[in-house]
Amino acid sequence: MKLEQSLQSKKLELIQWLSSVEDVSIIEKIVELRKIETNDWWHSISETEKKAIESGIQDANSGKLNPHSSARKMYEKWL
């Protein structure tokens with residue numbers, strides 16, 4: 001409960017501060033930060049990466065999995 005009150009207090013403080021900001025560059029930075037924070041990382045990766053992830057999910061869903069020990073043996077020289 002205390003943490004929630006603290007969070008609400010910080011939000012109100014930011015709202016009050018933001019309502020008094022006159023510097024356009026600060027407003028633009030906040031808008032950009034909001035865009036970054038609301039973007040889904042899926043939209044920022046390449047089609048190749050998306051296909052690789054989807055392929056991995058399909059493999060996992062169909063039971064095509066290898067234990068960690070097998071992967072470790074295979075890639076041991078790089079670890």
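## Helix α3 and what follows

Start with helix α3, which covers residues 47–61 in this predicted model. How far apart should the ends of its 15 residues sit at 1.5 Å a residue? The expected span is 21 Å, and the end C-alpha atoms are indeed 21 Å apart, so the two agree. After α3 comes G63, and its phi is positive, near 85°.

Helix α3 is also home to K50. Buried or exposed, then, for this lysine? K50 counts as buried, because its relative accessibility is 13% and the cut-off for buried is under 20%. Setting aside neighbours within four places in sequence, K50 has W42, H43 and I45 as its contacts.

## Helix α1, out in the open

Now for α1, which takes in residues 2–20. The same sort of length check works here: 19 residues at 1.5 Å each should give a span of 27 Å, and the end C-alpha atoms are 28 Å apart, which agrees.

What about burial along α1? Of its 19 residues, the number buried is zero, so this helix lies largely in the open. I15 is one of the residues in α1, and it counts as exposed because its relative accessible area is 56%, where exposed means over 50%. I15 also gives a feel for distances across the model: K64 is 49 residues away from I15 in sequence, and their C-alpha atoms are 51 Å apart in space.

## The overall layout

Zooming out, the protein has four helices and zero strands. Reading from the N terminus, that makes the order of elements α-α-α-α.

How does the radius of gyration sit against that of a compact globule of 79 residues? Such a globule would come in near 12 Å, but this protein has 23 Å. Along the principal axes, its C-alpha atoms fill a box of roughly 60 × 35 × 30 Å.

## Surface and charge

Burial is scarce on the numbers: 4% of the 79 residues count as buried, and K50 in α3 is among the buried ones. The protein exposes about 7800 Å² in total, with carbon and sulfur atoms supplying 56% of that area.

As for charge, the protein carries 12 positive and 13 negative charges. Take the mean position of each set, and the two points turn out to be 8 Å apart.

Terms used. Residues numbered from 1 in each chain as written. Predicted model: local features only at pLDDT ≥ 70, side-chain atom pairs only at ≥ 80, totals over all residues. Heavy atoms only, no water. Helix = DSSP H or I, 4+ residues; strand = E, 2+ residues; numbered from the N terminus. Expected span 1.5 Å × (residues − 1). Rg over C-alpha atoms; globule rule 2.2 N^0.38 Å. Buried < 20%, exposed > 50% of the residue type's maximum accessible area, 1.4 Å probe, protein only. Areas by Shrake-Rupley, 256 points an atom, 1.4 Å probe, with all protein chains shown as cover. Lys, Arg positive; Asp, Glu negative; His and termini not counted. Charge placed at Lys NZ, Arg CZ, Asp CG, Glu CD. Contact = heavy atoms within 4.5 Å.
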